[in-house]
Amino acid sequence: MGGGGRSSAPKQRNSGEDVVWKKRVPHEKPPFSLSKVKKAIPPHCFERSVVRSFSYVFYDLAIASCLLYVALNYFSTLPHNLSLLAWPLYWILQGSILTGVWVIAHECGHHAFSDYQWLDDTVGLVLHSFLLVPYFSWKYSHRRHHSNTGSLERDEVFVPKTKSSVGWHSKYLNNPAGRVLTLAITLTLGWPLYLAFNVSGRSYERFACHYDPYGPIYSDRERLQIYVSDVGVLAVCYGLYKFVLAKGFLWVVCVYGVPLMVVNALLVLITFLQHTHPAVPHYDSAEWDWLRGALATVDRDYGILNKVLHNITDTHVAHHLFSTMPHYHAMEATKAIKPILGDYYHFDGTPIYKAMWREARECMYVETDEKSKNSGVYWYNNQLD
């Protein structure tokens, strides 16, 4: 696939299904309205069930508890060589399941868990705090991401750089070794760096931090809840400290720390691939509107992880259009809206490890197309002088 979403692209195969990118995805104002898209979705898809939503919480936590029980009670009885294999397997499985827990808390942040805002916020606060995520802090910045998706000036996460703002060091990283290093740092440190220093986020006039109640990300009416988020994270940190005293630092790292790193890596990877693609446009203020921005997202296929992650991976377009829809209706809704969206629906079935490498290679910055009449539409490119 050519840099910056050029007019042709190779054929990709995934589970027998061909996905062909023949040209850039449409960037003109679509011929349909949001209300028309919504009418195509069965009404029950917008209904939230407390019982059903909690069933996913209990299911995920039950699996996570079983994995923890097995690790703590049986790994020590294994031969040394098998134990060395068992722990990485535990980390991957537990990290994947806990990412599913993160997704449910994400549902709470969108008021998609139940009809009761207080219940959504309570469940979201508990689950996200357990994963060291400041729930309300993330909720408000993430809500602004959904309000400004695809906007170069106002989007909140994975905001691409223009060519003129690319750092001097980029040309030294524009090679296989540099991309490996960049991906490694992004997947391991990307999430905590975003929360603490707003790395890859929207540019603010002063320092922005998700833990700072008086930071520029938040309004006055939101600041008290940022304190609540901080208290939730600090409470879990104190619990981890007590476990370190009782069980040892290495025990906490193996049981909790490494799975949490897997969660963080998956979150960054999923978000990166949902909003980064050579064929997907970004817009400046002259061209941006909410519907086109929401459509400038990509559904991906993560195989069995689609179900583990509650289909946050392959229903992202529908999620951006209707974020209060419960995840357990998103697949049905996606199927219903695809005929309406037509070419405006973006799916890429490229295997994830290939897509990650390709996007890291092709999507270094965005620029306008010199041949285009739409000077406010930006496309990814990677040609550095």
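Which residue in S7 is the bridge partner of His282? The answer is Tyr378, and the tour starts there. The structure is a predicted model, in which local features need pLDDT of at least 70 and side-chain atom pairs count only at pLDDT 80 or more, while totals for chains, interfaces and linings use all residues. Residues are numbered from 1 along each chain as its sequence is written, and side-chain values use heavy atoms, with hydrogens and water left out.

**Stop one: strand S7**

Select residues 377–381, which form strand S7. Strands (E, at least two residues) and helices (H or I, at least four) are DSSP runs, numbered from the N terminus. Five of the five residues of S7 are buried, that is, under 20% relative accessible area, with exposed meaning over 50% and partly exposed in between (1.4 Å probe, protein chains only). In a regular strand, side chains alternate between the two faces of the sheet. Here Val377, Trp379 and Asn381 point one way, and Tyr378 and Tyr380 the other way.

Next, add residues 282–283, strand S3, which pairs with S7 in the antiparallel sense over two bridges; pairing requires at least two bridges found by DSSP between two strands. Then add residues 365–368, strand S6, joined to S7 by four bridges and also antiparallel. Thr368 has Tyr378 as its bridge partner in S7.

**Stop two: annotated spans**

The unreviewed UniProt entry places "transmembrane region" at residues 56–75, 87–106, 177–197 and 249–273. UniProt positions follow the numbering used here, feature names are shortened, and annotations may be inferred rather than shown by experiment. Select 56–75: the span is 95% helix and 0% strand, with end C-alpha atoms 27 Å apart. Residues 249–273 are 100% helix and 0% strand, and their end C-alpha atoms lie 34 Å apart.

**Stop three: cysteines**

Select Cys254, which counts as buried at 17% relative accessibility. Its sulfur is 18 Å from the closest cysteine sulfur, in Cys237, too far for a bond. The structure holds zero disulfides, a disulfide being a pair of cysteine sulfur atoms within 2.5 Å. Cys363 is also buried, at 12% relative accessibility.

**Stop four: the largest cavity**

Finally, select Glu107, Thr315, His319, His327 and Ala330, which are the closest to the centre of the largest cavity among its 15 lining residues. Helix H3 (80–109) and helix H12 (316–321) each give two or more residues to this lining.

How values were computed. On a 1 Å grid over the protein atoms alone, a cavity is a set of points where a 1.4 Å probe fits but cannot get out, and a pocket is an open set with protein on both sides within 12 Å along at least five of seven lines; lining residues have an atom within 4 Å of a point.
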